[in-house]
Structure formats: C-alpha cells, structure tokens
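Welcome! Keep your viewer open and follow along, one selection at a time.

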Amino acid sequence: MREWNEIFLDQMVWIVVGLVVVFLWLLIWNFIQGSKLRKMRKKYDLMMGGTGVEDLESLLIDLKLGQDKIEELQTRHSAEISAISKFLPKQKSKIGIKRYNAFGERGNDLSFSIAIVNEDKDGVVLTGLYNRDGSYVYAKPLTKGESPHALSPEELEAIAHAGSEE
C-alpha cells in the first residue's frame, strides 16, 4: 500500500497540472460560449425589437397562420381567374366601325356600320343609313362572321376591322 502512496505522490504533480489545464480550458471555453450567447442575444433582441412579440415561437405561429390565409386566398383567386379565363373569349369586346356615304349622289359620310364581335366573330352588326328624309338603323346577328341576312360590303369591312388586332 505504501508503494501505491509513493507512486501516487510522485505522480500527484502531474495529476494536479493536468487538472489545472483542464480547468483553465473549461474556463476559457465557458467565456467563449458566454460571449457567443451575448452576441446571439443582442441579435435576437434587435430582430424582435419593435414587434410587440414576447417570444419567437408566437411570432412564427402568427406568420404560419398568415401564410395559411394567403395560400387559401391564392387558391380561391386561382379558381376565379380560371373561371374568368373560360368566360372571357365569349365576351363581345372587339369593335369595328366603318363610316360611309350610303347614297353617293348627295349627303355626307353620316351612314355607319358597327361590328361588335368576340374572338370567334360571334356578335352583331349595327348599320345606320342616313338620308335627308331620316335615319334608319338595322341590326344583323353574326355567327362565325356570317349572318343569315345579306351583308353589305361596308358591314363586311366593319367585321374585318373588328377581327383585326389593331
């Protein structure tokens, strides 16, 4: 047993030095980690400053709830846009106008033909004929640019103007 005590006492210096080195290393490590934690706390306070939120978790939950509402609105808007896209080509949005003198011997360019059509050239042609006795307006339906009624050259020109991309 004495031999063990002597061996232990001989090695005691090295054991104490080793423990001191480990203690100093742990002390330095603690200061480094404390410094990093203070920097992170400053960044956290800077990020959370002025938000009125106490912790990051509640902020993230609020953001997630807001994102869910936005995604729901986006889905609804996409459905509405899809429905509008299906309906839009049927709208009579192309208009062509041709003014002319229906009676060449007298009068001015007071007669007109207006074509109101969609992309498939479905719609109507309105023609107004002016003379000294009065003005008369006629309407003719259109399907694919054709009408069951005879179309004048001016009406055909108005339909062509409505179909052009000008």
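Start by selecting K69. Is this residue buried or exposed? K69 counts as exposed, because its relative accessibility is 59% and the cut-off for exposed is over 50%. Colour by secondary structure and you will find K69 in helix 2, which covers residues 56–87. Bear in mind as you look around that this is a predicted model.

Next, draw a distance from the C-alpha atom of K69 to that of E154: your viewer should give 55 Å, for two residues that are 85 apart along the chain.

Now move to E155, which sits in helix 3, residues 153–163. E155 is buried, because its relative accessible area is 2% and buried means under 20%. Which residues does E155 touch, leaving aside those up to four places away in sequence? Show S113, V125, T127, K140 and A150 to see them. Pause at K140, whose side chain makes a polar contact of 2.9 Å with the side chain of E155.

Finally, zoom out to the whole protein chain. Three helices and four strands make up its secondary structure, and from start to end they run α-α-β-β-β-β-α. The chain is more spread out than a compact globule, because its radius of gyration is 44 Å, well over the 15 Å that the globule rule gives for 166 residues. Along the principal axes, its C-alpha atoms fill a box of roughly 140 × 35 × 25 Å. Switch on the surface for your last view: the chain exposes about 13500 Å², with carbon and sulfur atoms supplying 62% of that area, while 14% of the 166 residues count as buried.

Notes: Residues numbered from 1 in each chain as written. Predicted model: local features only at pLDDT ≥ 70, side-chain atom pairs only at ≥ 80, totals over all residues. Heavy atoms only, no water. Helix = DSSP H or I, 4+ residues; strand = E, 2+ residues; numbered from the N terminus. Buried < 20%, exposed > 50% of the residue type's maximum accessible area, 1.4 Å probe, protein only. Polar contact = N/O pair within 3.5 Å; in protein donor to acceptor, adjacent residues only side chain to side chain. Contact = heavy atoms within 4.5 Å. Rg over C-alpha atoms; globule rule 2.2 N^0.38 Å. Areas by Shrake-Rupley, 256 points an atom, 1.4 Å probe, with all protein chains shown as cover.
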